[in-house]
Amino acid sequence: MVYFHESVCISPQKSFPDMDLSEVRESENNLLDVIEPNYPGIPAGAKRRMGKSVRMAVGAALPLLEKYPLPDGIIIATANGGMEDCIKFLNQILEYKEGLLTPANFVQSTSNAAAGQIAMVTKNHQYNTTHVHRGLAFENALMDVVMLIEENKDAGYLLGSTDEISPYNYNIDRLAGWYANEYIANRNLYHSKAKGTIAGEGTFMVWVNGEAQGASARLVAIKTLHGEDVSSLQETLKRFLSENISSGQMPDILITGENGDERQQPYFDAVESTMDARVTVARFKHLSGEYCTASSFALWLSIQIIQSGTLPAVLIKKRGSSNASRQILIYNNYRGLQHSFMLVSAP
Amino acid sequence: METAELKLQVKQQIIKFLNLTTVKPEDIKDDEPLFGEGLGLDSIDSIELIVLLSREYGINIQDPKEGRKILTDINTMVAYIEKNRTK
């Protein structure tokens, strides 16, 4: 069994140090950027060199590692790593004709910079891995932790995700049609009927081990799927539910990564239609924006919901007859190609 | 360019190259050590400063020992720039 204990989230909403979704922060120019804290725990010399995604990851990891100072591994998911530093470094190569280049942008741009910096700041020499499978980076990191805990029952791990908005990369993705050309306010995200969505970013860190005592939530199962076929997705979901939920039962809440992009709506509709009237349907991308590891924001929300027993009204799309919030199914898809289901329950 | 003007420019360039977001040019004293005490720069910063001298002033430092003397403080940097700059 895999249990989630304390978690930290830095997001475009008020999530650090505690969740407060009483007011939704609005997007600007189709971007939802994070509310960054001051990161008092990061040494000043290191902080000034860090790009945003690395800074967010280290800043979120340090409060957890104060409480759990000896992780048996640090497992981080990031699809793009320090994208802005990467762009700066590539521009330097062009500007200075592959001549004299400075090291900081390169060092910070690598995908494993976040996991490496967390290890260096906390002097941790254990297992250290970064998963970079685009829209399934976080799910792969989580599966890595699941396998590690199966092999090491007494071990504890820092699991996290981090991705940042890079203005340069945002423009490339917008030109490719992944972000909307017209202005969309996040409060109107699901009514936009646009091709494309709004961009987001964020960091999530959680302490994971095999102990139920003191846990906030439990991972029941996780499943990933590559493909564009809606019926295959629905079949996979039915099989996933039959394998992990008692016959005739449904999760209390479905949280989907619906993002207002009309091209991806058939997948969300298919998953929603598999649920029955008991299930409350919720969604989160109007709070986080779209990014490769956004499913980790949904997991953080799920942990908060299970722990508090309350589903914030701002998330609800359709209220079901079940008032419980003990078991939550998260469905996310990235660009209609990379799909994941995570089933989380009370410990 | 006057020495005082060049000193201000070098301080601004150091702040920009090293991303010293909380430091202002007037916070950097001309005779204050750049490394260890003072600004508290480290070895990675020294590489950034050597790149700065090359890009902005056309000065290529080959000998690390020479680099350490040049990068002692603002006075030593500016004196070397005035004597050796090619742009």
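A nonpolar core, as the term is used here, is a set of buried Ala, Val, Leu, Ile, Met, Phe, Trp, Tyr and Cys residues joined through C-beta atoms within 7 Å. Keep in mind that this is a predicted model. With that in hand, look at the largest such core, which has 90 residues. Inside it, A:Val145 and A:Ile330 have the most contacts. This core draws at least three residues from each of domain 1 (2-209) and domain 2 (217-345) of chain A. Chain B comes in with a second, separate core of 16 residues, B:Val10, B:Leu34, B:Leu39 and B:Leu52 among them.

Back to A:Ile330 for a moment: setting aside residues up to four places away in sequence, A:Ile330 touches A:Ile255, A:Ser295, A:Ala298, A:Leu299, A:Ser302, A:Phe341, A:Met342 and A:Val344.

Now for some helix packing. In chain A, helix 2 (residues 52-67) and helix 5 (residues 113-121) pack at an angle of about 40°, their axes 9 Å apart. That angle makes helix 2 of chain A oblique to helix 5 of chain A, and their crossing is right-handed. Helix 2 of chain A makes the contact through residues including A:Val54, A:Ala57 and A:Ala61, while helix 5 of chain A brings A:Ala114, A:Gln117 and A:Ile118, among others.

The loops have some backbone details too. A:Phe16 and A:Pro17 are joined by a cis peptide bond, with omega about 5°; A:Pro17 sits in the loop between strand 1 (2-10) and strand 2 (31-32) of chain A. A:Tyr39, in the loop between strand 2 and helix 1 (44-47) of chain A, has a positive phi near 50°. A:Tyr39 counts as partly exposed because it has 18 C-beta neighbours inside 10 Å.

Notes:
Residues numbered from 1 in each chain as written. Chains lettered and ligands numbered in written order. Predicted model: local features only at pLDDT ≥ 70, side-chain atom pairs only at ≥ 80, totals over all residues. Buried ≥ 20, exposed ≤ 12 C-beta atoms within 10 Å, placed from the backbone. Domains from an automatic or database assignment. Contact = placed C-beta atoms within 7 Å. Axes fitted to C-alpha atoms, helices over the stretch in contact; angles between N-to-C directions. Helix = DSSP H or I, 4+ residues; strand = E, 2+ residues; numbered from the N terminus. Parallel < 35°, antiparallel > 145°, perpendicular 65-115°, else oblique. Left-handed = near helix turned anticlockwise from the far one by under 90°.
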